[in-house]
Amino acid sequence: MASKAMIPFLVAMMLLTGVCNTLLTKYQDLQCVRNCNPEDPGEIKRFSQPVIQTAQMFIGEMGCWLVVAGFAIFRRFSTRDAPLLHGGYEQVDSQDSTEIDGDDDLDRTFSTQEEANPMMKPIMPNVDDRTPLVGWRVFLLAMPACCDITGTTLMNVGLLFVAASIYQMTRGALILFVALFSVVFLHRKIFLYQWSALFIVVLGVALVGLAGAIAPNPQAQPDPKSLTETALLLVREASQHVKTAAVSTGALQTILGVLMIAGAQIFTATQFVLEEWILENYALEPLKVVGWEGVFGFSVTLIGMIILHLAVGRTDAGRNGYFDMQEGWREITEYQAIAVTSILIMISIGGFNFFGLSITRSVSATARSIIDTCRTLFIWIVSLGLGWETFKWLQIVGFALLVYGTFLFNDIVRPPLKACVRRQKPEPLLEETPVEHM
């Protein structure tokens with residue numbers, strides 16, 4: 001009963017940290033670092049360091065090792081103090097003592113109470129005959145980490161050009177690439193209505209991107225009084241703004257940002273499929289998977305930052321740009337808001353990974369889809385409340401299609417045609433239920 005009572009808390013914390021990840025990153029992007037003169041807003045230079053933000057994410061992932069160490073210390077001392085609470089009496093001999101004192105990378109001795117505790121799920125390995133992921137095999141996790149580097153950096157660049165809600169909605173395209181790669185590489189089967197659901201998802205993402213590109217001002221439009229007037233309003237807005245948006249610099253930047261975020265999902269889907277393949281063949285605690293990817297990701301990112309700074313960042317063309325490592329460090333150290341949000345982002349990403357892994361191994365795919373939808377809604381509501389973006393009717397339509405397509409794909413809603421209803425047990429695309437790291 002106590003374990004079930006923890007689920008709402010874990011869901012709330014997953015939502016809180018997930019929302020904070022996006023909003024804090026966008027808040028960083030809005031901070032002025034040069035020419036902060038309100039009389040000339042066109043010359044304002046804001047914080048634009050997507051590579052550093054990627055490094056922040058990996059530092060947050062490395063923080064998962066602190067949780068792993070904390071659980072290990074807690075279990076070691078609590079087992080010594082109260083062995084009856086951890087599976088009852090067990091005879092201790094020299095061989096057992098050696099195993100306890102040694103470095104056992106896959107501790108499979110969990111009591112019934114611990115296995116039922118959702119907070120223990122992230123540190124519980126796959127208890128089967130899979131080969132432990134230890135030694136040189138750990139370097140296999142460098143492959144999904146490199147995909148994470150590329151995908152996260154592209155998304156961070158895209159977030160510079162779009163609103164936080166459009167950024168989060170566009171990430172919904174991930175399910176399309178996960179499905180395609182799962183069919184091609186993991187030999188999963190997708191039914192006809194699921195392909196239709198993926199088409200609906202693509203259409204929803206396209207409408208969300210179009211809403212960001214045309215960016216109508218809702219205060220200048222009359223409030224619709226009926227469903228018909230709402231539909232006519234959408235058509236009129238699109239026709240009035242699409243031509244001007246096509247030549248607008250802001251619109252072009254929004255389109256570029258949406259394309260970069262959507263394209264980044266290719267690398268995120270590749271990361272998920274690689275993680276699935278690795279964990280299908282090897283056993284390792286999910287939280288350690290995140291921790292190792294944080295180590296590899298941060299190491300590669302740091303090396304890449306140094307190389308790009310020397311090759312591009314210190315040149316005249318690259319100075320004060322994305323790859324100017326010295327300028328990025330100056331902005332973080334001189335502006336308190338950026339430094340504080342950097343720390344908060346690291347904490348929230350570490351927490352999101354822990355709570356996310358706790359939830360994904362404790363609830364169904366249906367609950368996970370609903371949680372992701374709530375996360376997007378909260379980001380949208382908070383962004384509107386903070387005045388970071390304006391209300392767009394077309395964005396509602398795109399988001400509705402995106403949610404319906406995702407729910408239809410995950411069998412949360414029934415297909416409109418009875419002939420499309422599956423009569424066999426659903427097969428998940430990814431058995432290991434990976435979690436987006438940000």
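This passage describes the confidence, nonpolar cores, helix 2, aromatic pairs and cysteines of a predicted model.

Confidence is considered before the structural features. The chain has an average pLDDT of 80, and 73% of its residues score at least 70. Two segments fall under 50 throughout: residues 84-105, for which the model has 17 contacts beyond four places in sequence, and residues 216-227, for which the corresponding count is 16. Where pLDDT is low, the predicted coordinates should not be read in detail.

The interior of the model contains a largest nonpolar core of 45 residues, within which Tyr167 and Phe409 have the most contacts. Two or more residues are given to this core by each of helix 2, helix 6 (142-159), helix 7 (164-170), helix 8 (174-185), helix 9 (192-214), helix 11 (249-281), helix 14 and helix 16. Another core, of 18 residues, lies apart from it and includes Phe71, Met120, Ile123 and Leu287. In soluble globular proteins, nonpolar side chains tend to be buried together.

Helix 2, one of the contributors to the largest core, was examined for both its length and its surroundings. At 1.5 Å a residue, the 13 residues of this helix (residues 50-62) should span 18 Å, and the end C-alpha atoms are 19 Å apart, which agrees. Because 11 of the 13 residues are buried, helix 2 is largely enclosed by the rest of the structure. The buried residues of helix 2 include the nonpolar Val51, Ile52, Ala55, Met57 and Phe58, but Gln53, Thr54, Gln56 and Glu61 are also among those buried. Glutamine 49 is placed in the loop between strand 2 (45-46) and helix 2, and with a relative accessible area of 1% this residue is buried. When residues up to four places away in sequence are not counted, glutamine 49 touches Gly321, Tyr322, Asp324, Glu327, Gly328 and Glu331.

A further approach between separate parts of the sequence involves isoleucine 306, which is located in helix 12 (residues 286-313). Isoleucine 306 and glutamine 326 are separated by 20 residues in sequence, and their C-alpha atoms are 9.8 Å apart in space. With a relative accessibility of 40%, isoleucine 306 counts as partly exposed.

The aromatic rings form 10 pairs in total. In one of these, the ring centres of phenylalanine 9 and phenylalanine 355 are 6.3 Å apart and the ring planes stand at 90°, so the pair is edge-to-face. This pair links distant parts of the chain, since phenylalanine 9 lies in helix 1 (residues 2-29) and phenylalanine 355 lies in helix 14 (residues 336-360), 346 residues apart. The two partners differ in accessibility: phenylalanine 9 is partly exposed, with a relative accessible area of 45%, whereas phenylalanine 355 is buried, with a value of 12%. A second pair, that of tryptophan 380 and phenylalanine 391, is stacked, with 6.5 Å from centre to centre and 10° between the planes. Tryptophan 380 belongs to helix 15 (residues 365-386), and phenylalanine 391, 11 residues apart from it, belongs to the loop between helix 15 and helix 16 (393-409). Here tryptophan 380 is buried, at 6% relative accessibility, while phenylalanine 391 is partly exposed, at 34%. Ring pairs also link Phe9, Phe71, Phe354 and Phe355 into a cluster, and Phe71 is among the residues of the 18-residue core.

A search of the whole structure for disulfides finds one. This disulfide is formed by cysteine 32 and cysteine 36, whose sulfur atoms are 1.9 Å apart, and the link is left-handed, with -110° about the S-S bond. Cysteine 32 is buried, with a relative accessible area of 18%, whereas cysteine 36 is partly exposed, at 44%. Cysteine 146 is in no disulfide, and the nearest cysteine sulfur to it, that of cysteine 147, is 7.1 Å away; because a disulfide requires sulfur atoms within 2.5 Å, this separation lies outside the cut-off. Cysteine 147 is likewise in no disulfide, its nearest cysteine sulfur being that of cysteine 146. Cysteine 146 is partly exposed, with a relative accessible area of 35%, and cysteine 147 counts as buried, at 13%.

Note on methods: Residues numbered from 1 in each chain as written. Heavy atoms only, no water. Phe/Tyr/Trp six-rings, centres within 6.5 Å; stacked < 30°, edge-to-face > 60°. Helix = DSSP H or I, 4+ residues; strand = E, 2+ residues; numbered from the N terminus. Buried < 20%, exposed > 50% of the residue type's maximum accessible area, 1.4 Å probe, protein only. Expected span 1.5 Å × (residues − 1). Contact = heavy atoms within 4.5 Å. pLDDT = per-residue confidence, 0-100. Core = buried A, V, L, I, M, F, W, Y, C linked by side-chain atoms within 4.5 Å.
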